[in-house]
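Welcome, and thanks for taking a look at this one with us. Below is a short walk through some helices and the loops that link them.

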Amino acid sequence: MDASGRRLVKARLPEGVDGIARLHAMIGEHSGDDPDGIEVLVGIETDRGPWVAALVAAGYTVFAINPLQASRFRARHAVSGAKSDAADAHMLADMVRTDAHQLRPVAGDTATAEAVKVVTRTHKTLIWERTRHTQRLRHALRDYFPAALVAFDDLDAADTLELLAKAPTPAQATRLTISQISAALRRARRRDIPAKAAAIQAVLRAEHLGQPDVVTGAYAVSVRALVAVLTVLDGQVKALQGQVEEHFGRHPAAEIIRSQPGLGPVLGARVLAEFGDDPDRYTTAKARKNYAGTSPITRASGKKRTVAARYVHNDRLVDALMTQAFSSLQASPGARAYYDRQRARGASHNAALRQLANRLVGILHGCIKTGSPYDETTAWPSAEQIAA
């Protein structure tokens with residue numbers, strides 16, 4: 001499509017090198033005598049993958065368009081709800097032609113930052129999967145083996161998984177000896193092992209409601225499978241944590257990010273991965289806050305004006321920033337005082353944490369722009385310093 005909206009060529013391209021080569025050839029056929037003097041804009045509904053990397057490497061301006069934005073734009077031209085791949089391609093091309101100034105180009109992050117993003121996202125995904133499987137295990141035990149929920153505090157702990165794999169039924173659990181329970185606790189590096197082993201055995205041997213033997217046996221098979229999955233997930237989470245710390249430590253901004261209150265190597269890696277390291281992506285602290293989803297949304301119409309939290313955001317980034325805000329309450333007196341002021345004004349715990357996270361994003365932006373590590377006095381100036 002040219003600048004006037006006229007379609008120049010239409011084709012369905014294959015994946016891989018052949019497809020990108022064909023795209024370059026099509027663009028070259030319509031670039032005229034001065035191919036270096038034209039600007040090629042590309043609209044695509046993803047911000048990662050080999051195709052995106054190849055398009056950016058070719059010097060094209062690539063816009064990663066959110067599917068929700070594309071859906072809204074599609075409704076401007078066709079209210080019938082009709083949809084096809086060809087129509088979507090035409091719509092994306094028209095969108096970058098008319099609204100490029102409203103769209104965000106794909107960030108030019110370094111390869112190091114991209115590597116951090118890959119390992120941190122996989123690490124967090126496995127943690128979420130471990131939580132989901134733990135909840136499935138909890139529901140299964142509640143239905144046929146409620147004593148296990150009383151005996152074991154942490155269902156995803158190594159000693160719990162070992163004992164459940166060895167004795168997944170109430171009858172088998174009653175035959176566990178003190179030495180067997182103690183050995184599992186010892187391998188999990190628990191403290192006060194004799195008292196804990198005795199307490200676990202007493203709970204498992206107490207009288208509880210149960211299910212018929214055939215149903216219990218079916219549940220036991222399911223629990224063994226869940227325990228096996230959780231054991232693998234736990235091992236891979238630990239292995240990937242080392243990779244996250246290793247890749248994050250190679251990034252030049254690692255020290256600045258780790259200097260922020262509440263950010264360690266893993267949480268700092270998540271923040272870096274989701275923000276990226278393109279120096280031109282966030283021109284102001286407000287732009288970074290808007291992307292983070294911590295800044296509020298103002299809706300004003302006539303005499304009505306409301307301020308609300310952003311509910312459309314990057315879940316991974318918001319999760320990391322809210323965790324940082326909570327951790328910073330112990331690490332930073334300034335952050336604690338700011339949180340207490342929000343609470344004194346009537347804000348709930350979550351609202352106060354969100355406002356603190358928003359403030360911390362602004363502080364991080366300033367540190368990255370100036371290349372300076374975090375300083376408590378500079379970040380949280382006193383009233384006398386502000387007046388001066």
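Which helices do the buried residues of helix 7 pack against? Before the answer, please keep in mind that this is a predicted model. The partners are helix 5 (111–144), helix 6, helix 9 and helix 11 (213–249). On helix 7 itself, which spans residues 158–166, the buried residues are D159, T160, L161, L163 and L164.

**Helix 10 and its buried face**

Let us move along the chain to helix 10, which covers residues 193–205. Its 13 residues reach 18 Å from the first C-alpha to the last, close to the 18 Å expected at 1.5 Å a residue. Five positions to look for here are I193, A197, I200, Q201 and L204, which are buried. Viewed down the axis of helix 10, these buried residues fall within an arc of 95 degrees, so they line one face of the helix. That set of residues packs against helix 6 (146–151), helix 8 (170–174) and helix 9 (178–187). Helix 6 and helix 9 therefore deserve a second look, as they also appear among the partners of the buried residues of helix 7.

Q201 is a nice residue to zoom in on, and its place is in helix 10. Is Q201 buried or exposed? It counts as buried, because its relative accessibility is 15% and the cut-off for buried is under 20%. Leaving aside neighbours within four places in sequence, Q201 is in contact with L176, T177, I178 and I181.

**Loop residues**

The loop between helix 9 and helix 10 holds R189 and also D192. Both residues have a positive phi although neither is glycine: the angle is near 60 degrees for R189 and near 50 degrees for D192. As background, most residues other than glycine have a negative phi. R189 is exposed, with a relative accessible area of 77%, and D192 counts as exposed at 53%. D192 can also be placed relative to S182, which lies 10 residues away along the chain: their C-alpha atoms are separated by 9.9 Å.

A buried loop residue can be found elsewhere, in the loop between helix 4 (85–99) and helix 5, where L103 sits. L103 is buried, with a relative accessible area of 12%. Apart from neighbours within four places in sequence, L103 is in contact with F63, I65, Q69, M95 and V96. Of these contacts, Q69 is 34 residues from L103 along the chain, and the two C-alpha atoms are 9.6 Å apart.

Here are the accessibilities of the four residues discussed above, side by side.

| Residue | Relative accessibility | Class |
|---|---|---|
| Q201 | Q201: 15% | buried |
| L103 | L103: 12% | buried |
| D192 | D192: 53% | exposed |
| R189 | R189: 77% | exposed |

**Helix 15 against helix 17**

Our last stop is a pair of helices. How do the axes of helix 15 (residues 315–331) and helix 17 (residues 349–370) cross? They come within 8 Å and cross at roughly 95 degrees. That makes helix 15 roughly perpendicular to helix 17. From helix 15, the contact is made by L321, M322, Q324, A325, F326, S328 and L329. Helix 17 contributes H349, N350, L353, R354, L356, A357, L360 and V361. Sorted by class, this contact has 10 nonpolar, four polar and one charged residues.

Terms used:
Residues are numbered from 1 along each chain as its sequence is written. This is a predicted model: local features need pLDDT of at least 70, side-chain atom pairs count only at pLDDT 80 or more; totals for chains, interfaces and linings use all residues. Side-chain values use heavy atoms; hydrogens and water are left out. Axes are lines fitted to C-alpha atoms, for helices over the stretch in contact, and angles run from 0 to 180 degrees between N-to-C directions. Helices (H or I, at least four residues) and strands (E, at least two) are DSSP runs, numbered from the N terminus. Angles under 35 degrees count as roughly parallel, over 145 as roughly antiparallel, 65 to 115 as roughly perpendicular and the rest as oblique. Contact means heavy atoms within 4.5 Å. Ala, Val, Leu, Ile, Met, Phe, Trp, Tyr, Cys and Pro count as nonpolar, Asp, Glu, Lys and Arg as charged, and the others, Gly among them, as polar. The expected span of a helix is 1.5 Å times one less than its number of residues. Buried means under 20% relative accessible area, exposed over 50%, partly exposed in between (1.4 Å probe, protein chains only). The arc is that of the directions from the helix axis to the C-beta atoms.
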